[in-house]
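Subject: Structure handover

Hello,

Here is the structure we spoke about. Please open it alongside this message. My notes follow below.

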Amino acid sequence: MSSDISIKHINKLAIPALISGISEPILSLTDAAIVGNINLNATESLAAVGIVTTFLSMLIWVLGQTRSAISSIVSQYVGANQLEKVKNLPAQAIFIITSLSILIIMGTYPFAQNIFKLYNASDLILDYSVDYYKIRVFGFPFTLFTIAVFGAFRGLQNTYYPMIIAIIGALLNIILDFILVFGIKGYIPAMHIKGAAYASVIAQLIMAAFSAYYLLKKTPIPLKISFPFNKEINRFIIMILNLFVRTLALNVTLYFATRFATGYGAAYIATYTIAINLWFFAAFFIDGYASAGNILSGKLFGGKEYRLLLKLSNRLIKYAIVIGIVLALIGAIFYYPIGRLFSEDPDVLALFYDSFWIILVMQPLCSLAFIFDGIFKGLGKMKSLRNVLLFSTFIVFVPILFWLDSLNYKLHGIFIALTFWILARGIPLIVKFRKIFIPLSQNH
């Protein structure tokens, strides 16, 4: 069996995955853009959205790793022409992960105020954070359900239906944001930051419903859970545990970055919110090609097509650099309009214009790191991903951040530390991949 790794086929997988991948950051970016332009306490509202988005992203990334694990296992079985052996795995994985999400809601909802105090939130920012979180958290199980279904589609080499679902969710969220945040005179009262939270929850619910529909109608994968557990469930759980540790390390990075930005003042955390959400957007944009790497590497690895796998990695390196440069150039061209889109506060805009260039400079480096993240996830080598994140977070990012903070670099310090963090993520993965697969490609 020979697999297609042509530019056309990579784009066929990557472009729909790109569109579906940016759905979650679009929810947060839309909330940030709308809330940042309300007439009442806009800066405090924007800061609250940033803090809660960081915490929710942590939860989603910790448990949303089911997508990568499901995709890896399913794609490897597709490559080996043995899909029938893992058809019941996605439903079992969805059951496990949604059950955990309900426990997390129960465990965090009563302690929301204490949680956001850990992020240095206080006074009005703290109140808004709690209000926003206590609504948005109810979309959490629906988001995880959708992410897991997307993993099944990716394993089946299909990114089209996730794209359709994501477009529906993103458009619905934008429309509902305008309606619920600002209200409709005489019909719907303006709900401000709470309206943004309700808009996100409704969009996540609708996306979950469409995910279930398309999976049942367009694939052989059932949603009804069956027992006994699939024989691959142990490998799935080990993958999840490794990714869980990895994601905790990733979120230590985001926690310290958010905590330091909040400690510098309302204008700093508002600026950080804009910049980090744009960084998330770019990351999920790049994730389209990382997803193509994930999908194809899993299939090639399952089919033992090592030469094609090495060729795929070389091709994706070129794409990653080009994508990163293009994203940086777009950001540079629209540098000032981007800032004004999110805030009219002169202090926030001054800080944004003074520091956003660092986010743009790191884009090619981010592209390489995220592409190889995707490839390693497709290979199922989650232990390597775990170790790299532990190293880049605790040995690289945290010491550099504290050092630059002591020099009073503030936002510059946060974003420079993030740049070194990205370098420490990408380089070891590229080196390890080539060390493993160059010899294998020569022997097959």
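Is R246 buried or exposed? R246 is buried, because its relative accessible area is 2% and the cut-off for buried is under 20%. Please keep in mind that this is a predicted model.

**Salt bridges**

R246 has a charged partner. Its side chain meets that of D373 in a salt bridge, at 2.7 Å from N to O. This pair links distant parts of the chain. R246 is in helix α11 (residues 233-263), D373 is in helix α16 (residues 363-379), and the two positions lie 127 residues apart in the count along the chain. D373 counts as buried too, at 6% relative accessibility.

D373 also forms a salt bridge with R425. Here the closest N and O atoms are 2.5 Å apart. This is again a link between distant parts of the chain: R425 belongs to helix α18, D373 to helix α16, and they are 52 residues apart. R425 is buried, with a relative accessible area of 3%. Through the shared partner, the salt bridges join R246, D373 and R425 into one network.

The count of salt bridges comes to 4. One of them pairs K87 with E84, at 3.6 Å from N to O. How exposed are these two? K87 counts as partly exposed, at 22% relative accessibility. E84 is exposed, at 61%.

**Charges over rings**

R425 turns up a second time. It lies over the face of W421, at 4.8 Å from the ring centre. K134 is placed in a similar way: it lies over the face of Y109, with 4.9 Å to the ring centre.

**Aromatic pairs**

The model has 37 aromatic pairs. Among them is Y272 with F415, which is stacked. The ring centres are 6.3 Å apart and the planes meet at 10°. This pair, too, links distant parts of the chain. Y272 sits in helix α12 (residues 266-302) and F415 in helix α18 (residues 411-443), 143 residues apart. Both rings belong to buried residues: Y272 has a relative accessible area of 1%, and F415 is at 0%.

There is also an aromatic cluster to look at. It is formed by F55, F116, Y119, Y133, Y255, F256, F260 and F402.

**Around V130**

F116 leads on to V130. Which residues does V130 touch, leaving aside its neighbours within four places in sequence? They are A112, Q113 and F116. V130 is found in helix α7 (residues 123-136). It counts as buried, at 12% relative accessibility. For a distance check, take T43: it is 87 residues from V130 along the chain, and their C-alpha atoms are separated by 16 Å.

**A nonpolar surface patch**

Finally, please look at the surface. I321, V322, I325, V326, L329, I330, I333 and F334 form a nonpolar patch there. Together they have about 730 Å² of accessible area. F334 lies in the loop between α13 (306-333) and α14 (335-342). It is partly exposed, with a relative accessible area of 45%.

**Where to start**

I would begin with the network of R246, D373 and R425. Then turn to W421, which has R425 over its face. The stacked pair of Y272 and F415 comes next.

Best wishes

Technical notes: Residues numbered from 1 in each chain as written. Predicted model: local features only at pLDDT ≥ 70, side-chain atom pairs only at ≥ 80, totals over all residues. Heavy atoms only, no water. Phe/Tyr/Trp six-rings, centres within 6.5 Å; stacked < 30°, edge-to-face > 60°. Helix = DSSP H or I, 4+ residues; strand = E, 2+ residues; numbered from the N terminus. Buried < 20%, exposed > 50% of the residue type's maximum accessible area, 1.4 Å probe, protein only. Lys NZ or Arg CZ within 6 Å of the ring centre and 35° of its normal. Contact = heavy atoms within 4.5 Å. Patch = residues over 30% accessible without salt bridge, like charges linked within 9 Å, V, L, I, M, F, W, Y side chains within 5 Å. Areas by Shrake-Rupley, 256 points an atom, 1.4 Å probe, with all protein chains shown as cover.
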